[in-house]
Amino acid sequence: MTPRVMAYRVRHEDVPDTSAAFERAAGLPDGPEKDRTRGEIVCAWLPMADRLAGRFRHRGEALEDLRQVAAIGLVKAVERYDPHRGTAFESFAVPTITGELKRHFRDRLWSVHVPRRVQELRARVRDARDELAQRHGILAPTVDELAFHAGMTPSEVVMGVEAMDCFNVLSLDASLSSPDEGPTLGDSLGAWDEALDAVVDRESVKPRLRRLPDREKWILYLRFFRGMTQSSIAEDLGISQMHVSRLINDSCARIRRDVMRDAA
């Protein structure tokens, strides 16, 4: 005779009996008394909500914040529960609270916006890792092992693994060498080069400058690249300051006219 195996459901100490309170609340009209009764039920079930929140404590979110999210899920469960359907409140509340916690991670804690499909891949990779570690003792599974276990392609596994880092970002003040000293990540980032705005103008002017007479090119070089005054240039070349001014104005006007004509 085959022995009968009995399956016993583990009953936690934080599962109170609030069936009478639910019956009372169901018979009350909307108002302060019904809200007060529901509030008493919520307080009675808060320890269970805290226990469910504790299951998510290793995912980078503060436990106190998780407890608040679980409490919101509990309130929703109490408001939606119908005791006349014959389902125990715990069976109704657990998936409601757990769903609220998962939704919190999915919608609120991503440092970088990640498409829903990638979020789902991340969850499947995480679950596969947990199962391989707990059931098979594989603590550092390869991409192929994860793909085979989760029924995913290797590229989907890689995408899910990369998405795991999107909950947290590295501070720009983080040190690149040691925790307390040395250059920071922010120091390695480039700054905006104001000269970039002049790239197009500079490249447009180059061929026109090459076509200028040598003396005019030299005068423009001394004025705009060496920073010499017109008087100093005139003295250096043995001409008048007025002549230098006229050559500079004529050269710049000619270059500007040529550039504008080609751009038209």
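**Close-up views of a predicted model**

Trp 218 is partly exposed, since its relative accessible area of 39% falls between the limits of 20% for buried and 50% for exposed. The model shown in these views is predicted rather than determined by experiment.

**View 1. A nonpolar patch lies on the surface around helix α9.** Trp 218, which belongs to helix α9, is joined in this patch by Tyr 221, Phe 224, Phe 225 and Leu 237, and together these residues have about 540 Å² of accessible area. Helix α9, which covers residues 214-224, supplies the largest share of the patch, namely 3 residues.

**View 2. The largest nonpolar core contains 23 residues.** Among the residues with the most contacts inside this core are Phe 22, Trp 45, Leu 74 and Ile 97. The helices α1 (19-26), α2 (32-54), α3 (63-80) and α4 (89-108) each supply at least two of the core residues, and the largest share, 7 residues, comes from α2. In soluble globular proteins, nonpolar side chains tend to be buried together.

**View 3. Leu 74 is shown with its contacts from elsewhere in the sequence.** When the neighbours within four places in sequence are left aside, Leu 74 is in contact with Val 42, Trp 45, Leu 46, Ala 49, Phe 89 and Ile 97. Of these partners, Trp 45, Phe 89 and Ile 97 are also listed, as is Leu 74 itself, with the residues that have the most contacts inside the core.

**View 4. A salt bridge links Glu 40 and Arg 24.** The side chains of Glu 40 and Arg 24 meet with an N to O distance of 3.8 Å, and the pair links distant parts of the chain, with Glu 40 in helix α2 and Arg 24 in helix α1, 16 residues apart. Glu 40 is partly exposed at a relative accessible area of 45%, and Arg 24 is also partly exposed, at 41%.

**View 5. Glu 64 and Arg 67 form a salt bridge within helix α3.** The closest N and O atoms of this pair are 3.8 Å apart. Because Glu 64 and Arg 67 are 3 residues apart in helix α3, they are separated by about one helical turn.

**View 6. Lys 206 and Glu 203 form a salt bridge within helix α8.** Here the closest N and O atoms are 3.2 Å apart, and the two residues, both in the helix of residues 199-210, are 3 residues apart, about one turn of the helix. Elsewhere, salt bridges that share partners join Lys 76, Glu 100 and Arg 103 into one network.

Technical notes
Residues are numbered from 1 along each chain as its sequence is written. This is a predicted model: local features need pLDDT of at least 70, side-chain atom pairs count only at pLDDT 80 or more; totals for chains, interfaces and linings use all residues. Side-chain values use heavy atoms; hydrogens and water are left out. A nonpolar core is a set of buried Ala, Val, Leu, Ile, Met, Phe, Trp, Tyr and Cys residues joined through side-chain atoms within 4.5 Å. Buried means under 20% relative accessible area, exposed over 50%, partly exposed in between (1.4 Å probe, protein chains only). Helices (H or I, at least four residues) and strands (E, at least two) are DSSP runs, numbered from the N terminus. Contact means heavy atoms within 4.5 Å. Patches are made of residues with over 30% relative accessible area and no salt bridge: like charges are joined within 9 Å, nonpolar side chains (Val, Leu, Ile, Met, Phe, Trp, Tyr) within 5 Å. Accessible areas come from the Shrake-Rupley method with a 1.4 Å probe; for residues, only the protein chains shown count as cover. A salt bridge is a side-chain nitrogen of Lys or Arg within 4 Å of a carboxyl oxygen of Asp or Glu.
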